[in-house]
Amino acid sequence: MRAVCWYGKGDVRVETVPDPSILNPRDAIVRVTLTAICGSDLHIYNGHIPGMERGDILGHEFMGEVVEVGAQVRNLKRGDRVVVPFTICCGKCYFCQSQQWSLCDNTNPNAPALHKLYGASGAGLFGYSHLYGGYAGGQSQFVRVPFAGVAPIVVDNDLTDEQVLFLSDILPTGFMAADNCNIHAGDVVAVWGCGPVGQFAIRSAYLLGAEKVIAIDDVPERLRLARERSGAITINCATTDVMAELNDLTAGRGPDSCIDAVGMEAHGYGLAYAYDRTKQALMMETDRPGVLRQAIAACRKGGTLSIPGVYGGFIDNVPIGSAFAKGLTLRMGQTHVPRYLPTLMRRIREHEIDPTFIISHRTRLEDAPEAYKVFNQDKGACTKVVMKPS
Amino acid sequence: MAGAGLIRRGLTGKCEIYTLLGMRSLPSGKPVPYELGVRARAAVTINQPREKVFAFLRQFENLPRVMRHLKSVEENGEGRSHWVAEGPMGKSVCWDAEILNEERDRLIAWKSLPGSQVDQAGSLRFHDAPGGRGTEVRAELQYNPPAGVVGAYVARFFDREPEQEIVADFQRLKQYLETGEIASTEDQSHGRTEPEKKVLPAMEEAMA
Ligand SMILES: NC(=O)c1ccc[n+]([C@@H]2O[C@H](COP(=O)([O-])OP(=O)(O)OC[C@H]3O[C@@H](n4cnc5c(N)ncnc54)[C@H](O)[C@@H]3O)[C@@H](O)[C@H]2O)c1
Ligand SMILES: [Zn+2]
Ligand SMILES: [Zn+2]
């Protein structure tokens, strides 16, 4: 089959590789009909994710048709059309059973390595380094899906691939980001980052009752999308003093909740940014925490900071004193995708959310190297790439 | 790595802490320098009833299913068993062990018999986890590095982090008992034409 493989920083290629096969009794094989590139894939592309091996197959946003099931797979059969969450979940551990799916105890074969790094391991992830299990990803014609009867969701034929594909990751991620904000009537929510996750976080915050959502980015086209399609008030952080503007928009209170939908590769300005860039380049600081610092500083007393943006290591100069003084709540982590699938499926069907608006590029899987380049470099023209394996 | 695995097998499989049992000498009569010997502790919580977890572990023949590099265990009756693990350079290492103490659903304690290539003692203890969250299993192991080639492998392994090794096997045990299978990505598709150096061992080396 053909698959998108990673060979190093900025080096992805479409290669012919062996077809996947059933390795464990709860596996299924899915023929991929549509797949996407995620902002998280760019962290790999840009060399920020440790534990990658040359030749690893990328991709954790995908859907398709079940073509083979292992002997122990229940509630899934050949021919089913499924969206596959990026987190692999066993369904039997304490975390799966308490709806904290991305913290699953049992699906990362390399849990000991992650344990060493972080003190614990969560779920195995598709196409996201050997620290997260080394699972082959879904930017390919076929993919092996472990524990296939647990997290994947069967979709009806009245919904198109494009309508449901983002249930695999970014739609629930944006929704959980808003859900974590504990929104009350009258709340103002500020969202850093107007990528796909940010866009869905804005929409979700409104659905969960926010009065006003303020979106921050430095890409004019993405800000326009946030205004026109997601209904946000926008701040261009390249040309505007974000803190002053937020202060003004909330009449001195600060946003009730702040969402960091940017993560470790935040763009920044001025001295602090130069410091973070240099430290990151020298591998002394793994992540650039510009947005995190700003969100802590901006958030109102007693407010909530929700962090869907990915961080992987260590950061400096985080104003923990400010967070403490203001009594902030911090919530973060990989998305508990299955928790949100039923409600989001219903909201898509009832046209409360149309996730397709973020798609800017539709290509063939064969064009993946170009698509990665464009998504990485031209944030203005490119908000989301979906790829069809032929 | 094979050497390491072998030792770990031996360890998790069949030791019982001398100190726990108040023993300070090896079966051979040599004093056990227990401050010098290698000791390790590890614990895991398994989301299954205590009887089930105990029964699986007490059936030593089950252990090769969850323990890497353990080839076989044979129970010979009267609490004695024969263990075979992968050793260095493709050889196997074997030893005999006996159960010193056993309380159903609570405790298994054992030690290796005189003449074994691997001198060890250990115990497994079982408790109900609070809040109905399954079973807590605690392993304590003590190990006296042997001489010779095997010993060199063993010693090198234990100089590093024996507890991490037990944790790794416990993780597999937990996966097997909770889900009925052990998560694996071996033999799956990739775009490598020749075997690449595995990144994780190198990373762990760097972190050690
Ligand atoms: N928690 C999860 O489970 C999960 C799931 C999916 C994605 N993510 C993460 O969410 C983040 C966003 O994903 P995406 O797909 O939307 O990525 P993306 O790269 O398309 O979007 C990031 C956006 O942040 C903007 N940005 C950069 N610096 C900024 C700054 N200082 N202030 C404001 N905006 C800034 C960029 O211009 C870009 O528009 C990534 O870190 C991704 O890894 C997390
Ligand atoms: Zn993603
Ligand atoms: Zn689980």
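**View 1. Ligand 1 and its polar partners in chain A of this predicted model.**
A nitrogen atom of ligand 1 sits 3.1 Å from a polar backbone atom of A:Gly333. Two backbone partners can be picked out for oxygen atoms of the ligand as well: a polar backbone atom of A:Val197 lies 3.1 Å from an oxygen atom of ligand 1, and for A:Val310 the corresponding distance is 3.2 Å. Zooming out a little, you will find ligand 1 surrounded by 32 residues. The closest of these are A:Ser40, A:Asp217, A:Arg222, A:Val262 and A:His267.

**View 2. The zinc ion (ligand 3) and its four cysteine donors.**
Here the SG atoms of A:Cys90, A:Cys93, A:Cys96 and A:Cys104 are the protein donors, at 2.3 to 2.5 Å from the zinc ion. To follow them along the chain, look for the spacing C-x2-C-x2-C-x7-C. The site is tetrahedral, with angles of 101 to 118 degrees among the four donor atoms. For orientation, the ideal angle for four tetrahedral donors is 109.5 degrees. Two of the donor residues, A:Cys90 and A:Cys93, are buried.

**View 3. The two domains of chain A, side by side.**
Domain 1 comes in two sequence segments, 2-169 + 335-388, while domain 2 covers 171-332. Taken over C-alpha atoms, the centres of the two domains are 25 Å apart. Where they meet, 30 residues of domain 1 are in contact with 22 residues of domain 2.

**View 4. A:Phe166 and A:Leu167 in the largest nonpolar core.**
This core has 79 residues, and A:Phe166 and A:Leu167 touch the most other members. Both domains of chain A contribute to the core, with at least three residues drawn from each. A closer look at A:Phe166, leaving aside neighbours within four places in sequence, shows contacts with A:Ala36, A:Glu61, A:Leu171, A:Pro172 and A:Phe200. On the list too are A:Pro355, A:Ile358, A:Ile359, A:Lys384 and A:Val386.

**View 5. Another nonpolar core, apart from the largest one.**
If you move on to this second group, you will meet 35 residues, including B:Phe56, B:Trp83, B:Ala85 and B:Val137.

Definitions and conventions:
Residues are numbered from 1 along each chain as its sequence is written. Chains are lettered from A and ligands numbered from 1 in the order in which they are written. This is a predicted model: local features need pLDDT of at least 70, side-chain atom pairs count only at pLDDT 80 or more; totals for chains, interfaces and linings use all residues. Side-chain values use heavy atoms; hydrogens and water are left out. Donors are N, O and S atoms within 2.8 Å of the metal (3.2 Å for Na, K and Ca); water is not among the atoms, so sites may look incomplete. Four donors count as tetrahedral if all angles lie between 85 and 135 degrees; four count as square planar and six as octahedral if opposite donors are over 155 degrees apart and all others between 65 and 115; anything else is irregular. Buried means under 20% relative accessible area, exposed over 50%, partly exposed in between (1.4 Å probe, protein chains only). A nonpolar core is a set of buried Ala, Val, Leu, Ile, Met, Phe, Trp, Tyr and Cys residues joined through side-chain atoms within 4.5 Å. Domain bounds come from an automatic or database domain assignment. Contact means heavy atoms within 4.5 Å. A residue is near a molecule or strand if one of its heavy atoms lies within 4 Å of it. A polar contact is a pair of N or O atoms within 3.5 Å; within protein, one must be able to donate a hydrogen and the other to accept it, and residues adjacent in sequence count only if both atoms are side-chain atoms.
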